[in-house]
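Student: Please take one part of this model and look at it closely. Then work outward to the rest, step by step.

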Amino acid sequence: MVIKKVRTRYAPSPTGFMHVGNLRTALYEYLIAKSNGGDFVLRIEDTDRERYVEGAVDVIYDTLKTAGIIHDEGPDVGGEFGPYVQSERREMYMPYAQRLIDEGKAYRCFCSKERLEELSQSSEFGGYDRHCRDLSEDEINEKLKEGIPYVIRQKMPLSGKTTFSDAVFGEITVDNSELQDQILIKADGYPTYNFANVIDDHTMGITHVVRGSEYLSSTPKYNLLYEAFGWEIPTYVHLPLIMGKNEDGSVSKLSKRHGSTGFEDLIKDGYLPEAIINYIALLGWCPKDNQEIFSMKQLEENFFIEGISKSPAVFDYDKLLWFNEQYIKAMSAEEFTERAMPYYKEVFGDRDVDYSKFAGILQQRLEKFTDIPEKIKFFAELPEYEKDIFINKKSKTNLENAPVNLQEAYERLKALPNWTFDAIHDCLINMAVEKELKNGTVMWPVRIAAAGQKVTPGGAIEILDILGREESLKRLEKGLEKLRS
RNA sequence: GGCCCGGUGGUCAAGUGGUCAAGACACCGCCCUUUCACGGCGGUAACACGGGUUCAAAUCCCGUCCGGGUCACCA
């Protein structure tokens, strides 16, 4: 037996929008190829001119690139099975349809759209009635001479069953009577999606056809086409759908009303590409050892088709958020700072700020980078606050002892020769020891005065350190003022 | 409606005839702690239902119910 090199393909339409469902399909196609040492092909299906969107192809390239899904062949990188843009393959399809006509496996249908419309209304035939299937040679030539537009349909078997095997769903059998004589070539001479797909996949040597399970019920038609040509049938891998949870608890195909569904939108919401990929890889697939965190490389090494689930999965933003946190925590401080920089700038603008210390207080408590501005804006400007936030039961602070302890801390801090983290730390801790106070009784009022808010990233020491001597003392003075008023 | 597919905690899921039915997210509690987090420990919570087959069923068979998909000269 000859082992053929595995080849998968991702064949998106350029709509300018990359749904996470499509992204996951691309991911699995990529992983199936790579886990088998195969090639992953990108093919653009742009035959629908009406839906053409400027720049939409770039969205596909950009998304795949930032997601880390790299194609071996495609319009931009070439390959020996080109062209990889369907509109450039236009001429290829008709000869195949003609071949089927010549072999008696397909026929020209001259029925008008109006007639077809009526048929579907009457529902007597459940669709097309195969009116043109057995026209005589003379009738056909007559109509051709009259210039009546026609489509080319495939002759489906009138009886019997068609069985195909899917790598995920197993054997599936359908009565041939369910199958209509599908259109191969439209009246405008363009191939239908299904027909073009089969021709392209075969001529590009695709071994594994990977797609969403919404195609499961049209797969017998694909199969019959491969059989009509006498071509080897590829391995079908149908993927379970990604669902969204509705307000009433029901589920339906993931769409906008469930939240962001586009890759770009998720990125804008603050999710990291690595986190999105990691999450959707596990949405419908499970590794042998239940590992959760996967780099793309690890996915390539561990992916296997048998691990793909059959049942639809609900997209869970909470879990995605958790993955995001994990990736943020795992970054080096340098990388964190680099990726956080745009958000720092959002708060501080052009001000000269030493950002190196922010990672220390943010990295362990951040879910998304987009949360940064909200968390650190008190550094840029002291917020308005009520003095009762100086009261904290657990730290044993109240409006009586807060002014006293804050005053003492202020004086001690003011006297510090060096304004460093360690110096501040020792200063305040020593004060607590000497005064026989809980650490919190000293720290709480200092932190509140320095930050102007109850909840802050980092503690009093970190905040004073970042704020610097001048600004810190200014804020503590303000706090004292407030407490005395 | 016909056909196809699916149905293990709120969510993702392991499981393939014998387990006290894993694990993760979320949730709750405790600990740690200068707030919030992080971290650590613990907890609530599931085999849709009804029949079979079998010594034994989440696992196999049938039916019911529920959910989803699909029935284009769209992709």
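Tutor: Start with Lys396. In this predicted model, Lys396 is exposed, with a relative accessible area of 55%. The cut-off for exposed is over 50%, so a value of 55% qualifies. Lys396 sits in the loop between helix 14 and helix 15, the latter spanning 401–414. Its backbone deserves a check. Phi of Lys396 is positive, near 60°, and the residue is not a glycine.

Arg130 shows a positive phi too, at about 60°, and is likewise not a glycine. Arg130 belongs to the loop between helix 4 (113–122) and helix 5 (137–146). Its relative accessibility is 24%, so Arg130 counts as partly exposed. Buried would need a value under 20%.

Now go back to helix 14, which leads into the loop of Lys396. This helix covers residues 372–380. Its buried residues are Ile372, Pro373, Ile376, Phe378, Phe379 and Ala380. What do these buried residues pack against? Five helices take part. They are helix 12 (333–348), helix 13 (358–362), helix 17 (439–451), helix 18 (460–467) and helix 19 (469–484).

Helix 17 leads on to the RNA. Helix 17 gives the largest share of the surface near RNA strand B, with five residues. In total, 58 residues surround RNA strand B. Those that come nearest are Ser13, Lys186, Asn290, Glu292 and Arg365. By class, the surface near the strand holds 24 nonpolar, 15 polar and 19 charged residues.

Which part of the RNA faces the protein, backbone or base? Take the atoms of RNA strand B within 4 Å of the protein. Of these, 70% belong to sugar or phosphate. The rest belong to bases.

Some individual pairs can be named. Lys319 uses its side chain: a polar atom there lies 2.9 Å from a sugar or linking oxygen of RNA strand B. Leu282 uses its backbone instead: an N or O atom lies 3.4 Å from a sugar or linking oxygen. Cys111 faces a base. One of its polar backbone atoms is 3.4 Å from a base nitrogen of RNA strand B.

Cys111 also brings up the sulfur chemistry. How many disulfides does the structure hold? Zero. Look at Cys132. The cysteine sulfur closest to that of Cys132 is in Cys111, at 3.5 Å, which is too far for a bond. A disulfide needs sulfur atoms within 2.5 Å, so this pair fails. Cys132 counts as buried because its relative accessibility is 3%. Cys427 is buried as well, at 10% relative accessibility.

Next come two charged residues in loops. Arg89 lies in the loop between helix 2 (56–67) and helix 3 (90–102). Is Arg89 buried or exposed? Buried, with a relative accessible area of 1%. Its side chain has a partner. A polar contact of 2.9 Å joins the side chains of Arg89 and Thr203. Beyond its neighbours within four places in sequence, Arg89 is in contact with Phe81, Gly82, Pro83, Asp200, Thr203 and Met204.

Asp46 is the other one. It is found in the loop between strand 2 (39–42) and helix 2. Asp46 counts as buried because its relative accessibility is 10%. The side chains of Asp46 and Ser87 make a polar contact at 2.7 Å. Setting aside residues up to four places away in sequence, Asp46 touches Pro14, Val85, Gln86 and Ser87.

Finally, step back to the whole chain. Chain A has 19 helices and twelve strands. Of its 485 residues, 48% count as buried. Consider contacts between residues at least 6 apart in sequence: 72% of them join residues at least 24 apart. What about overall dimensions? Along the principal axes, the C-alpha atoms fill a box of roughly 110 × 50 × 40 Å. The radius of gyration of chain A is 33 Å. A compact globule of 485 residues would come out near 23 Å.

Definitions and conventions
Residues are numbered from 1 along each chain as its sequence is written. Chains are lettered from A and ligands numbered from 1 in the order in which they are written. This is a predicted model: local features need pLDDT of at least 70, side-chain atom pairs count only at pLDDT 80 or more; totals for chains, interfaces and linings use all residues. Side-chain values use heavy atoms; hydrogens and water are left out. Buried means under 20% relative accessible area, exposed over 50%, partly exposed in between (1.4 Å probe, protein chains only). Helices (H or I, at least four residues) and strands (E, at least two) are DSSP runs, numbered from the N terminus. Contact means heavy atoms within 4.5 Å. A residue is near a molecule or strand if one of its heavy atoms lies within 4 Å of it. A polar contact is a pair of N or O atoms within 3.5 Å; within protein, one must be able to donate a hydrogen and the other to accept it, and residues adjacent in sequence count only if both atoms are side-chain atoms. Ala, Val, Leu, Ile, Met, Phe, Trp, Tyr, Cys and Pro count as nonpolar, Asp, Glu, Lys and Arg as charged, and the others, Gly among them, as polar. The radius of gyration is taken over C-alpha atoms; the globule rule is 2.2 Å times the number of residues to the power 0.38.
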